[in-house]
Amino acid sequence: MAFPHKLYLVTNELACKGKKLLDVVAAAVKGGVDIVQFRDKHATEEVFTNTATELQSLLSKNNIPLIINDRWQVAQYIHAYGVHVGNSDLSPTAIRAAWPQCNCLGYSIEYEEQLNNTEIIPSDYLGISPVFNTSTKVDTVREWGLDGIRWMRKATTKPLVAIGNINLTNVADVIKAGADCVAVVSAICSADDPEKAAAMLRNEIEKNSRS
Ligand SMILES: Cc1ncc(COP(=O)(O)OP(=O)(O)O)c(N)n1
Ligand SMILES: Cc1nc(C(=O)O)sc1CCOP(=O)(O)O
Ligand SMILES: [Mg+2]
């Protein structure tokens, strides 16, 4: 599966600092985000499904794919584009079996050994989890750093999505190290002007991409 996306917004309502989540997502898309993940680790199933449905409606009008974090059954129910899972979630192989129509399956890589396991095969992109330590997600194993991106670039041909404390000061290095796409929470959600923040990140990515 082709993965042409370069700037990936992962949502976090708290990080939006009082701004409405849907307004932040709409602004981010105007600025140049080309894929969005709805992530809320605490919402009830009902609230999660309602917000996911609103996002799906907003994003489909803009032809932007919506990925759902963890809750693949909600993703299937709302006809989202795909789902992102990690080591604590249902495995990519099991998701493919349960939801064959899933268009895009993302899988977090925390350990080098994961690249040798069969879960890589059904995955459409790999999340480099995390590139840099971040206060947005603290239950991480270790940071990969730029050397980790370079290592992973050599170890696999799968599209690589870098995540974790990426912002305007380090995004060029992350791309130059071999990431295909950059995923951010705070750099856009917490910005006073999310559209401008997205546009500046996108510009840096374009300037430093191989193609
Ligand atoms: C693009 C992207 N990469 C990594 C993650 C982390 O997923 P996971 O390890 O399952 O952790 P949680 O997000 O579920 O806390 C991600 N969500 N998105
Ligand atoms: C959702 C998520 N996953 C991570 C991982 O390492 O797998 S880090 C992260 C949060 C990234 O937030 P920020 O851009 O604010 O650092
Ligand atoms: Mg998860």
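Me: Let's begin with ligand 1. How many residues are around ligand 1, and which come nearest?

Reply: This is a predicted model, and in it 18 residues are around ligand 1. Gly86, Ser108, Gly127, Ile163 and Ala183 come nearest.

Me: Which elements give two or more residues to the shell around ligand 1?

Reply: Those elements are the strands β1 (7-10), β4 (82-85), β5 (104-109) and β7 (160-163).

Me: How does the shell around ligand 1 divide by class?

Reply: Sort the residues into nonpolar, polar and charged, and the shell around ligand 1 has 6, 8 and 4 of them, in that order.

Me: And ligand 2: which residues are the closest there?

Reply: Ligand 2 is surrounded by 18 residues, and the closest are Ser129, Pro130, Thr134, Thr136 and Ser186. By class, the shell around ligand 2 holds 7 nonpolar, 9 polar and 2 charged residues.

Me: Pro130 is on that list. What is the peptide bond from Ser129 to Pro130 like?

Reply: The angle to read is omega. The peptide bond from Ser129 to Pro130 has omega near -15°, and it is cis. You will find Pro130 in the loop between β6 and α5 (145-155).

Me: Which residues does Gly164 contact, beyond its neighbours in sequence?

Reply: Leaving aside residues within four places in sequence, Gly164 is in contact with Pro130, Val131, Phe132, Asn133, Thr134 and Glu143. Two of these names, Pro130 and Thr134, are also among the closest to ligand 2. Gly164 itself lies in the loop between β7 and α6 (171-176).

Me: Is Gly164 buried or exposed?

Reply: Count the C-beta atoms around it; a residue with 20 or more inside 10 Å is buried. Gly164 has 22 such neighbours, so it counts as buried. As a distance to try on the screen, the C-alpha atoms of Gly164 and Lys20 are 23 Å apart, with their positions 144 residues apart in sequence.

Me: Now helices. How do I describe two that pack together?

Reply: The general idea is to give the angle between the two axes and the distance between them. Here, take α1 (residues 21-31) and α8 (residues 194-208): their axes come within 7 Å and cross at roughly 35°. The crossing of α1 and α8 is right-handed.

Me: Which residues meet where α1 and α8 come together?

Reply: From α1 there are Val24, Ala27, Ala28, Lys30 and Gly31, and from α8 there are Pro194, Glu195, Lys196, Ala197, Ala198, Ala199 and Arg202. By class, this contact has 7 nonpolar, 1 polar and 4 charged residues.

Me: Which residues of α1 are buried, and what do they pack against?

Reply: Val24, Val25, Ala27, Ala28, Val29 and Gly31 are the buried residues of α1. They pack against β1, β2 (35-38), α2 (45-61), α7 (186-189) and α8.

Me: Could we follow one of them, Ala27? Why does Ala27 count as buried?

Reply: Ala27 counts as buried because it has 20 C-beta neighbours inside 10 Å, and 20 is where buried begins. Leaving aside neighbours within four places in sequence, Ala27 is in contact with Pro194 and Glu195. The C-alpha atoms of Ala27 and Ala197 are 9.5 Å apart in space, although the two are 170 residues apart in sequence.

Me: What does the backbone do just after α1?

Reply: Look at phi there: Gly32 takes a positive phi of about 135°.

Me: Which residues other than glycine have a positive phi?

Reply: Asn63 is one of them, with phi near 55°. Asp70 is another example, with a phi of about 65°. Asn63 lies in the loop between α2 and β3 (66-69), and Asp70 in the loop between β3 and α3 (72-77).

Me: How does the neighbour count come out for Asn63 and Asp70?

Reply: Asn63 has 8 other C-beta atoms within 10 Å, so it is exposed. Asp70 has 19 C-beta neighbours inside 10 Å, so it counts as partly exposed.

Me: To finish, how many helices and strands does the protein chain have, and how compact is it?

Reply: The protein chain has 8 helices and 8 strands. Its radius of gyration is 16 Å, close to the 17 Å that the globule rule gives for 211 residues, so the chain is as compact as a globular protein of that length. Buried residues make up 41% of the 211 residues.

Note on methods. Residues numbered from 1 in each chain as written. Chains lettered and ligands numbered in written order. Predicted model: local features only at pLDDT ≥ 70, side-chain atom pairs only at ≥ 80, totals over all residues. Near = placed C-beta within 6 Å. Helix = DSSP H or I, 4+ residues; strand = E, 2+ residues; numbered from the N terminus. Nonpolar A, V, L, I, M, F, W, Y, C, P; charged D, E, K, R; others polar. Axes fitted to C-alpha atoms, helices over the stretch in contact; angles between N-to-C directions. Left-handed = near helix turned anticlockwise from the far one by under 90°. Contact = placed C-beta atoms within 7 Å. Rg over C-alpha atoms; globule rule 2.2 N^0.38 Å. Buried ≥ 20, exposed ≤ 12 C-beta atoms within 10 Å, placed from the backbone.
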